[in-house]
Amino acid sequence: MFSMVQARMRGLWNRRYFFWSRLTGPEVPVHSLSWLPDGFRIQPVGRSGACVTDSFCTPEEAEQIKSGLTDSLGALVHRAALLIGGTARHLDEVTLLRVRSGGEQDTRQLVSGSENGVRNAGVCVCLDGDSEYALTLRGNGQDIEIQSRTGRALSYFPGGSGQAAPDYSLQTSQTERQAPQDVWMLKFWFCEQPVRKEPLESGAPRQTRTGVPLTGSEALPEGVWAPGQDHLEAVFGKPDQITDAVRQV
Amino acid sequence: MAASRNRSASQLHRSALAALPAGFEIRRAGATGVCIVENFCTPEEAAVVIEKARPHLTPSKIRINNKTVDFSGRVSDTALVFGPSRKDQSLVTLMHRAAMLVGLPYSHLEAIFVTRYGAGGFYEQHIDHGNDFRVDRLYTVLLYLNSLEEDQGGETIFSTLNLAARPRVGRAVSWVNKNPDGSGHLETNHAAAPIKEGGEKWVVQFWFRAYRMFDPASAQLQPLLSQEAGGNSQLPEGVSVHETPGDSD
C-alpha cells in the first residue's frame, strides 16, 4: 500500500512542470526549423567554436534587407538565434554594414541594443557574394578567412564568461584587397541571457500552419520522395485510415 | 544560482553547435512542415547507440485511452536509453543537437527510446501526440541509426503529406506535433513500412515537451575543448586558416 502511494507521489512530482505549465501557460519559442530555408547547411570551422552556414538566407531575403525592407528580419533573427543556441529574446542588436570599394564602411542600426546585456555571441551574414572579399575571424594566434557568399553566415563567440573555447574577434575591413563593388552584411549580437521580454515581430509562426502535401515537383534529398496517395495502402494492404492509436513506449 | 544555470545552458548549446558532424544539412520537404536533416550523427555515433540499446530491448507497446497496451499494428522492440532509471551518456551529444534544432532546452526531452524493427516489423499509421500526459508532445525528431535500400522497405510514410523518407544512417526527420496552444497537426500522421526479409531498422525518437521533463544537470556536455582551427579538421569550402600577421615595428 505504502509503495503504491509512494509511486503515485513520485509520479505526481515528476509531472510538476506539466501541471505548472497548465496553470501559467507554456513558454515555447517558435520552432526553429520552421524558419529555415531549404539547404541550410551548418559547417563547423574545425574546433574553433565558429560555424559557417550556407543558405542562411535566400537571395530574395538578402535583397530585401539591402533595399531597406525588414519584413524578413524577424525570421533571420530566429535563424541566427538557432546558430548560437539561444532564442530571439537573447538578441541585443542588429546592424546593417556596407563595406565600400576601398574599405570604407557605413553602418545602420536596424535593432537597437540593450544597455544591460553582456554580449557573448555574434552572427555575421553576407548579403552579397564576392570572391575578392573575405571575413576574417582573428583569435588564438590565427586568422580564419571566410569567403563571402550570398546567404552565408558566420557564427562565432567572442568569449568571456568563462567559456572554454578561444576568443575570436571579427574583422570586416579590407586593408589589403580592394573589393570591386560594395559588400553588404548583416550583424547580429546576442547576449548570454534574454534581454528582451518579447522577440521581434515576425508574423504568424509557421509552425502553426497546416502542412501541405507534396506535389512531386519539389526538389528533395535522395531517398525522400512523394510516393503517391496509394502508397500506404499498397504497403499495408488496407485502406488509409487514421486510428486513435497514439504512441507510448 | 540562476546566473550560473543560464551560463551553463549557453555553454552547452555552444558545444553542441561546434560538435556537428561534417555535412550537417537541413532540408525542407516542400511545404509539408517536415524537415530532413542529413548527417545529424556520424555512423560511429549511431553504432554506439545501437550497441547500448541492444541488451535492453523489449516488445514495443502503445498508448490508447490512457492505457499502455500491446497492439497488433505495431511490431518492434524498444529499449530505454535515457530516462529516470538509466542515463546513458552516449545519448547526451545527440540530445543537445536535437534540442538545438527545435529551439528548446534539452531538459524538455522525454525519456529517450531506441526502437528496432526486425524482418516483418512495422508500425501502422499513427500520430505521436495526444492529450494524455504521457504523449503531450510538441515536436518529434526521428533519427535513423542505419540505412536500408529500396528493396528492404522500412520507409517512414506520411500519407496525408504525400511524403516518404528512406532510412539513411545519420538522417533525422523532424516535424511539429502540436502547437504551444495545444492545437494538433493531424496531417503529420505517419507509418513505418514493413521491413523485408533480411533487413532491420534502428531509430531513436526524440520527443520534446513544452516544459521541463528532467534536471538539466543530469545530461551536461563536456565543455568545448580549446583547440586550434585547421590542422586535421575538415574546413568548409571557401574557408582557410593562416597565422595572424605579427605587428610591425
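This passage describes the fold of chain A, two hollow spaces between or within the chains, and a few individual residues in a predicted model.

Chain A makes a convenient starting point. Its secondary structure consists of five helices and 12 strands. Of the 249 residues in chain A, 47% are buried. Contacts within the chain often link distant parts of the sequence: when residues at least 6 apart are considered, 68% of the contacts join residues at least 24 apart. The accessible surface of chain A amounts to about 11800 Å², and carbon and sulfur atoms account for 48% of that area.

Turning to enclosed space, the structure contains two cavities of 30 Å³ or more. The second largest of these has a volume of about 30 Å³. Residues from both chains line this cavity: chain A provides Pro227(A), Gly228(A), Gln229(A), His231(A) and Leu232(A), while chain B provides Ile157(B), Phe158(B), Ser159(B) and Asn162(B). Helix H5 (231-236) of chain A and strand E12 (156-158) of chain B each contribute at least two residues to this lining. Sorted by class, the lining of the second largest cavity comprises four nonpolar and five polar residues, with no charged residues.

Open space is described next. The second largest pocket encloses about 910 Å³. Its lining is made of 30 residues, and those nearest the centre of the pocket are Asn14(A), Pro84(B), Ala111(B), Phe133(B) and Met213(B). Two or more lining residues come from each of helix H1 (2-14) and helix H2 (16-24) of chain A and strand E7 (77-83) of chain B. The most is given by H1(A), with six residues. The pocket lining includes 14 nonpolar, six polar and 10 charged residues; by contrast, the lining of the second largest cavity has no charged residues.

Met213(B), one of the residues nearest the centre of the second largest pocket, is also a contact partner of Ser107(B). Ser107(B) sits in the loop that runs between helix H3 (92-102) and strand E9 (112-117) of chain B. Despite this loop position, Ser107(B) counts as buried because its relative accessible area is 5%, under the 20% limit. Beyond its neighbours within four places in sequence, Ser107(B) touches Tyr211(B), Arg212(B), Met213(B), Phe214(B) and Pro216(B).

A loop residue of chain A offers a contrasting case. Glu222(A) is found between strand E10 (183-191) and strand E11 (224-225) of chain A. With a relative accessible area of 55%, Glu222(A) is exposed, since the cut-off for that class is over 50%. Once its neighbours within four places in sequence are set aside, Glu222(A) is in contact with Arg168(B) and Arg171(B). Along chain A, Glu222(A) and Trp184(A) are 38 residues apart, and their C-alpha atoms are separated by 34 Å.

Finally, the cysteines were examined. The count of disulfides over all chains is zero. For Cys126(A), the nearest cysteine sulfur belongs to Cys124(A) and is 5.8 Å away, so the pair falls outside the 2.5 Å limit for a disulfide. Cys126(A) is buried, with a relative accessible area of 1%. Cys41(B) is likewise in no disulfide, and the nearest cysteine sulfur, that of Cys51(A), lies 17 Å away. Cys41(B) is buried as well, with a relative accessible area of 2%.

Note on methods:
Residues are numbered from 1 along each chain as its sequence is written. Chains are lettered from A and ligands numbered from 1 in the order in which they are written. This is a predicted model: local features need pLDDT of at least 70, side-chain atom pairs count only at pLDDT 80 or more; totals for chains, interfaces and linings use all residues. Side-chain values use heavy atoms; hydrogens and water are left out. On a 1 Å grid over the protein atoms alone, a cavity is a set of points where a 1.4 Å probe fits but cannot get out, and a pocket is an open set with protein on both sides within 12 Å along at least five of seven lines; lining residues have an atom within 4 Å of a point. Grid points are joined across faces, edges and corners, and a volume is the space filled by probe spheres set on the points. Helices (H or I, at least four residues) and strands (E, at least two) are DSSP runs, numbered from the N terminus. Ala, Val, Leu, Ile, Met, Phe, Trp, Tyr, Cys and Pro count as nonpolar, Asp, Glu, Lys and Arg as charged, and the others, Gly among them, as polar. Buried means under 20% relative accessible area, exposed over 50%, partly exposed in between (1.4 Å probe, protein chains only). Contact means heavy atoms within 4.5 Å. Accessible areas come from the Shrake-Rupley method with a 1.4 Å probe; for residues, only the protein chains shown count as cover.
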